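Let's take a walk through this protein together, one spot at a time. Have a look at the model and its sequence first.

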Amino acid sequence: MTKYIFVTGGVTSSLGKGIISASLAKLLQARGYSVTIQKFDPYINIDPGTLNPYEHGECFVTEDGAETDLDLGHYERFLNIPTSQANNITTGRIYQNVINKERQGEFLGKTVQVIPHITDEIKRNMRLLGESGNFDIVITELGGTVGDIESLPYIEAVRQFKWEVGSNNALVIHLTLIPFLAAAGELKTKPTQHSVKMLLEYGIQPDILVCRTEHHISQDIRKKIAQFCNVNLNAVIESIDASTIYDVPLLMLKEQLDRTVLSKLKLPLKNEPDLESWKDFLGRLKNPTAEVRIGLVGKYVELPDAYKSITESFIHAGAFNECKVRVECIHSESITEENVKAKLGKLDGVLVAPGFGARGIEGKITAIKFIRESNIPFFGICLGMQCAVIEFGRNVLGLTHAHSTEMDENTEHAVISMMEEQKKVTLKGGTMRLGSYPCELKKGSKAYNIYGKSKITERHRHRYEFNNDFLKQYEAAGMIASGINPENNLVEIVELKTHPYFIASQFHPELKSTVANPHPLFVKFVAASLEHSKKKH
């Protein structure tokens, strides 16, 4: 029978439930168990696809085209296995499913209520991955904090679920904060006690407490927490601030979180976790032999989480190259013809980030013109590729009005335009070209040499495409379409023949980069930036 672990949070948000879930899953996986993680988000949006990145960080896209919470990115990066639509559920989706059933007459004659109808639908979704037969253990992370009005149905569903499957088949890990009060010079356990008390009011006794802290927790504090919160002493786990999220699995191993979990679920320990390749990655990450400065030009740079997968991909690629990647975020709205050299001239490489809408677009185009003419390594992703196409059209081909119909519907030179099937779409959510699509690489191209094969698949999230009416003109002038979708002939990758490293993709390579498999486009871009840096010195 599949075993279930629920991860709840108390005191404050952003304590790192996603990282703890991913770290525990990594340890269980390293012991030989097949594990997956799902995230339940309490907001009423159907998915985060329509949310501004400032609201909720980046929107992570799965192989099957689901727009999901960025925590799913952590799950994939740690476990190196893909997630799917089933791994991210929101309150909006739960209510939509129940209301659809009600309209179809499934509850005929019944009053539809939060209990049992909403909680039953939550429990059905909690079981979905477990019933697939693919996993020994399913970890479910509940978004929000205990006590939030919107989290209540989830907490109640966990209470019922645990009762139904029995205490050996499900456990609750509660993540809390132990703040350090500088004036008193001590750690305080009261917020944790209050948080557990609130969980108890809802009928849930946590099995394990993971305590976020800036200072080590003494044995006395552990005893106090165990006593006041009704948990075993070995179930009070310290989660101290780490220099990198990739340290957390090793910290949790030291705290024996995996052992405590397995003993409570009555599962054998199997072998000791094999984390050699993980430690090797950390060794490279922490002992770089070189450093590069890479500019990330985007329009959501004030919030680090808006480009989470990109910054993590740089960490993977940097470790692979034994090189520290210093990512410098540059707001595209701040770039002008006058200051572009001052802002970008000293960088070793520049990535122009994805995004939507017209804001900051001219800054991106100005940046790309400078990078192209200065022979600085360039990497464009999604809108970054489209801007590269627009810039080349305007400044090399002489198409002075080159633009995307997303920004200018009436442009004479619509070098980027909407896909035919997208023109009929009126709804916003989940209607783009989403998920994994095949791409064929031209032999002899930079892209082909980077991947080392001709057939690849990559994940997409966009509505607008390169307009093939202009393809011959572009290729004649030196911008090559080196990756093409074999099914509909859409351009997936462009590169410049005469530039040391100028490559841009319509897809999002950052979504597939993991600790075990750094993405080749990032690996080679970091290597090219390193090369450029050496030439400068």
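T145 counts as buried, at 13% relative accessibility; buried means under 20% relative accessible area, exposed means over 50%, and partly exposed is in between (1.4 Å probe, protein chains only). You'll find T145 in the loop between strand 6 (137–142) and helix 6. Helices (H or I, at least four residues) and strands (E, at least two) are DSSP runs, numbered from the N terminus. Who sits around this threonine? Leaving aside neighbours within four places in sequence, T145 is in contact with G9, G10, V11, T12, S13 and S151, where contact means heavy atoms within 4.5 Å. T145 and L15 are 130 residues apart in sequence, yet their C-alpha atoms are 9.9 Å apart in space.

A quick word on what you're looking at. This is a predicted model, where local features need pLDDT of at least 70 and side-chain atom pairs count only at pLDDT 80 or more, while totals for chains, interfaces and linings use all residues. Residues are numbered from 1 along each chain as its sequence is written, and side-chain values use heavy atoms, with hydrogens and water left out.

Now zoom out. The chain has 18 helices and 23 strands. Its radius of gyration is 25 Å, close to the 24 Å that the globule rule gives for 537 residues, so the chain is as compact as a globular protein of that length. (That radius is taken over C-alpha atoms, and the rule is 2.2 Å times the number of residues to the power 0.38.) Along the principal axes, the C-alpha atoms fill a box of roughly 75 × 65 × 45 Å. Of the 537 residues, 57% count as buried. Take the contacts between residues at least 6 apart in sequence: 74% of them join residues at least 24 apart.

What about charge? The chain has 62 positive and 64 negative side chains; Lys and Arg count as positive and Asp and Glu as negative, with His and the chain ends not counted. The centres of the two sets lie 4 Å apart, with each charge placed at NZ of Lys, CZ of Arg, CG of Asp or CD of Glu.

Next, hunt for rings. A search of the whole structure finds 17 aromatic pairs. Rings of Phe, Tyr and Trp (its six-membered ring) pair if their centres lie within 6.5 Å; planes under 30 degrees apart count as stacked, over 60 as edge-to-face and the rest as tilted. F6 and F161 make one edge-to-face pair, 5.3 Å centre to centre with 80° between the planes. F6 lies in strand 1 (residues 3–9) and F161 in helix 6 (residues 152–165), so the pair ties together parts that are 155 residues apart in sequence. Both F6 and F161 are buried.

Another edge-to-face pair is Y246 with F281, at 5.2 Å centre to centre and 85° between the planes. Y246 lies in the loop between strand 11 (236–240) and helix 9 (248–254), and F281 is in helix 11 (residues 276–286), so this pair links parts 35 residues apart in sequence. Y246 is buried at 0% relative accessibility, and F281 is buried at 6%. There is also an aromatic cluster, formed by F314, F379, Y501, F522 and F525.

Back to single residues. G49 lies in the loop between strand 2 (35–41) and helix 2 (53–56), and is buried with a relative accessible area of 15%. Beyond its neighbours within four places in sequence, G49 is in contact with C59, E67 and R461. T68, in strand 4 (residues 67–68), is buried too, at 1%. With the same kind of sequence neighbours left aside, T68 touches P48, E58, C59, F60, T62 and N88.

How enclosed is helix 3 (residues 71–79)? Nine of its nine residues are buried, so helix 3 is largely enclosed by the rest of the structure. Just after helix 3 comes N80, with a positive phi of about 60° although it is not a glycine. N80 is partly exposed, with a relative accessible area of 33%. N489 also has a positive phi, near 65°. N489 sits in the loop between strand 21 (479–484) and strand 22 (491–496), and counts as exposed at 51% relative accessibility.

One last backbone detail: a cis peptide bond joins I115 and P116, with omega about 15°. P116 lies in helix 5 (residues 114–128).
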